[in-house]
Amino acid sequence: MSAAAQPANTKAKCASTPAIPSAVVAHAATPLPLEILRFKKSERQLHWAIAVPFIICYATALVLVTVYNPAPTRAFRAVFSWTHRLSGACLFLLPLWTVLRHRHDFDVHFHNVRTVWRWRIEDIKWLFLTGLSIVNKRVVLPDQGKFNAGEKLNFMFLTASYPLFLVTGFLIWLPGVAFASWILHLLLAALATPLVFGHVFMATVNPDTRVGLQGMISGYVNRRWAQHHYSLWYNERFGHLHRPPASEVKPVHKPSLMPVPALAAPDPARAAANVPLAASLEPAVQNMNKKQLLAFKPNQENDLTVISWPPALQPAPVTQVVAETE
């Protein structure tokens, strides 16, 4: 079932949903549900299949480096060490199992990866303005697609570092290359630190964006919140369900038929009086076609009327019909 066809008996509007300017709010041609589908089940499961093992790996690695590296003989080191290794194995097996289980949605995952690697100038502007928008609500961020620039940056690092994390984590167990692999493994974790904390902050702390966390739990988000934060994606998916307000629609006038007054009939007395006059006048121009105008000398009554010969035939008195135009 598509998101547009979902029932409207959804949760109440989130209290942290920002006020939408009147210029942003679209006018629905049909009633729309309060919440819309943002992420499919396969997308949500793949997200958590990566996020949960990665967070466990990160937390256990932080304990091992800060607590047990200075004093390896401290108690429970093996617990954290094996937890780190098992979560690393899950980081490989769980996403693979999820993709195979939902292989019919493989094109969805491929489209998401291709989307995050495709950047626009608005994404760069978003990165520079997002910090100001948190402290100053008058700062307007550029329109975003399915993922904003911060999510794209985090997703890009994930897709680039994911195989390196797996390979270096496995090589740490092997002699000879363990130290070099550990250095690279640690460097990747250090690079991931600001992205991980930024992602967690935006999803759980920032009031303007934490509403979207519900999209990775149930799949549904507030419709107006999505329209405000991901307007390009929203218009692409749900724009066909909206129309402009009635005040902005110009009425269309269909062509109508209206009568035109009939042409007046010629005066028979005036036409008869002009015939002798034309016969008595001398033409000033020789060898002219009879259907062309002739120039005449004025008669004794100084009548300067120009007469055409033969007289033009007047149309019969009928009612003509034309199409009305604006």
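Reader: What share of the 326 residues in the protein chain is buried?

Author: In this predicted model, buried residues make up 27% of the 326.

Reader: Why is Thr-130 called buried?

Author: Its relative accessible area is 15%. Buried means under 20%. The value of 15% falls under that cut-off, so Thr-130 counts as buried.

Reader: Where is Thr-130 found, and which residues does Thr-130 touch?

Author: Thr-130 lies in helix 4, residues 121–135. Leaving aside residues up to four places away in sequence, Thr-130 touches Leu-141 and Met-202. Contact means heavy atoms within 4.5 Å, so each of these pairs meets that limit.

Reader: What makes the eleven residues of the largest nonpolar core a core?

Author: A nonpolar core needs buried residues of listed kinds, joined through side-chain atoms within 4.5 Å. The eleven include Leu-32, Ile-36, Val-211, Trp-225 and Tyr-234. Leu, Ile, Val, Trp and Tyr are on that list, so these residues fit by kind. Being in the core, they are also buried, which means under 20% relative accessible area.

Reader: Which elements give two or more residues to this core?

Author: Helix 7 (223–229) and helix 8 (231–238) do. Helix 8 gives the most, with three residues.

Reader: Which residues does Tyr-234 touch, not counting those up to four places away in sequence?

Author: Among them are Leu-32, Ile-36 and Ala-226. Leu-32, Ile-36 and Ala-226 belong to the largest nonpolar core, as does Tyr-234. Tyr-234 also touches Arg-223, Gln-227, Gly-239 and His-242.

Reader: How many residues are in the second, separate core?

Author: Eight, including Phe-54, Leu-91, Ala-192 and Val-196.

Methods:
Residues numbered from 1 in each chain as written. Predicted model: local features only at pLDDT ≥ 70, side-chain atom pairs only at ≥ 80, totals over all residues. Heavy atoms only, no water. Helix = DSSP H or I, 4+ residues; strand = E, 2+ residues; numbered from the N terminus. Buried < 20%, exposed > 50% of the residue type's maximum accessible area, 1.4 Å probe, protein only.
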